[in-house]
Amino acid sequence: MIDHAHDLASVRDATERLLTAVAKLDNASVAEPSRLPGWTRGHVLAHLARNADALVNVLEGRPMYASGETRDADIERDAPRSLDVQLADLRDSAARFQETGAVPADWSRTVELRNGVTDAAARVPFRRWAEVELHHVDLGIGYELEDLPAEFTEREIAFLVERFTGHADVPPAHLTDGTRAWSTGRSEPSAPEVTVTGPAPDLLGWLCGRRDGAGLTVVGGPLPALPPL
């Protein structure tokens, strides 16, 4: 059972870690490239702020973004801002998300995200937690997948495994970090199952497109190529 209140608290903690780290930057470093192709650190910070507002829209029953074009234009508009403006926007948008999450609501209701994707309202705080944690890593400022909270890493692996389960382009795969195990990919009883083994941060990095799988051991075939998220 999803504990949205627990996840809201985890979002708050992750946001504080992010704000503390970003506050050590300067205007020049905010304008430098992030680890995401084509995006500066300013683009990542702008996206995080606008994503918080977008998830407020979701929780309040409005479209997540007015359109894909508007989403992209807002990020481009906000990316060049100075560090102090980025920090204020991150802090204020995060506060709006927390305030919306604190309003009594039916957390079992279904909400709509981008591109027609639906989910339980209770999972929205975890989705925001993933945005904050993974994009903190994307900034390339010393926070790595190995630094993520263990609970988050395990749950995000399970979330992505579920997302790829039944996907026609992903062959059957068994994943393990030596302690826990997951299965994903299309259902194809006659196909051999590839076994992918490695530390949880490396498994997560491969699943979320942040690592190429070099830290993983693969038996039974090549490492599956995963579709973009």
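**Helix packing and the nonpolar core**

In this predicted model, α1 meets α5 through L8, V11, R12, T15, L18, L19 and V22 on the α1 side and L83, L87, L90, R91, A94, F97, Q98 and G101 on the α5 side. By class, the residues of this contact split into 10 nonpolar, 3 polar and 2 charged. The two axes cross at roughly 175° and come within 11 Å. With angles over 145 degrees counted as roughly antiparallel, that puts α1 roughly antiparallel to α5.

A second helix pair involves α3 and α6, whose axes lie 11 Å apart and pack at an angle of about 180°. These helices are therefore roughly antiparallel to each other as well. From α3, the contact draws on V44, H47, L48, N51, A52, L55, V58 and L59, while α6 puts in V124, R128, E131, V132 and H135. Sorted by class, there are 8 nonpolar, 3 polar and 2 charged residues here.

One of the α6 residues in that contact, R128, deserves a closer look. Its relative accessibility is just 2%, so R128 counts as buried, the cut-off being under 20%. Setting aside neighbours within four places in sequence, R128 is in contact with V11, L48, N51, A52, L55 and F97. Of these partners, V11 belongs to the α1 side of the contact with α5, and F97 to the α5 side. L48, N51, A52 and L55, in turn, are among the α3 residues that meet α6. As for V194, its C-alpha atom is 31 Å from that of R128, with the two positions 66 residues apart along the chain.

Now for the core. In soluble globular proteins, nonpolar side chains tend to be buried together. Here the largest nonpolar core has 62 residues, and F97, L175 and L204 touch the most other members. At least two residues each come from α1 (4–22), α3 (41–59), α5 (83–101), α6 (124–138), α7 (150–164), β3 (173–176), β5 (194–197) and α8 (200–207). The largest share is that of α3, with 11 residues. For L175, the contacts beyond four places in sequence are V161, R180, A181, W182, T184, V196, L203, W206 and L207.

Among those contacts of L175 is V161, one of the buried residues of α7, along with F152, T153, E156, I157, F159, L160 and F164. Their cover includes α6, β3, β4 (181–184) and α8. The length of α7 holds no surprise: its 15 residues should span 21 Å at 1.5 Å a residue, and the end C-alpha atoms are indeed 21 Å apart. Just past this helix, G166 has a positive phi of about 85°.

Helix α8 is largely enclosed by the rest of the structure, since 8 of its 8 residues are buried. These are A200, P201, D202, L203, L204, G205, W206 and L207. Elements covering them include α6, α7, β3, β4 and β5. Just after α8 comes another glycine with a positive phi, G209, at about 80°.

N115 also takes a positive phi, about 55°, although it is not a glycine. This residue sits in the loop between β1 (110–112) and β2 (118–120). With 74% relative accessibility, N115 counts as exposed.

Technical notes: Residues are numbered from 1 along each chain as its sequence is written. This is a predicted model: local features need pLDDT of at least 70, side-chain atom pairs count only at pLDDT 80 or more; totals for chains, interfaces and linings use all residues. Side-chain values use heavy atoms; hydrogens and water are left out. A nonpolar core is a set of buried Ala, Val, Leu, Ile, Met, Phe, Trp, Tyr and Cys residues joined through side-chain atoms within 4.5 Å. Buried means under 20% relative accessible area, exposed over 50%, partly exposed in between (1.4 Å probe, protein chains only). Helices (H or I, at least four residues) and strands (E, at least two) are DSSP runs, numbered from the N terminus. Contact means heavy atoms within 4.5 Å. The expected span of a helix is 1.5 Å times one less than its number of residues. Axes are lines fitted to C-alpha atoms, for helices over the stretch in contact, and angles run from 0 to 180 degrees between N-to-C directions. Angles under 35 degrees count as roughly parallel, over 145 as roughly antiparallel, 65 to 115 as roughly perpendicular and the rest as oblique. Ala, Val, Leu, Ile, Met, Phe, Trp, Tyr, Cys and Pro count as nonpolar, Asp, Glu, Lys and Arg as charged, and the others, Gly among them, as polar.
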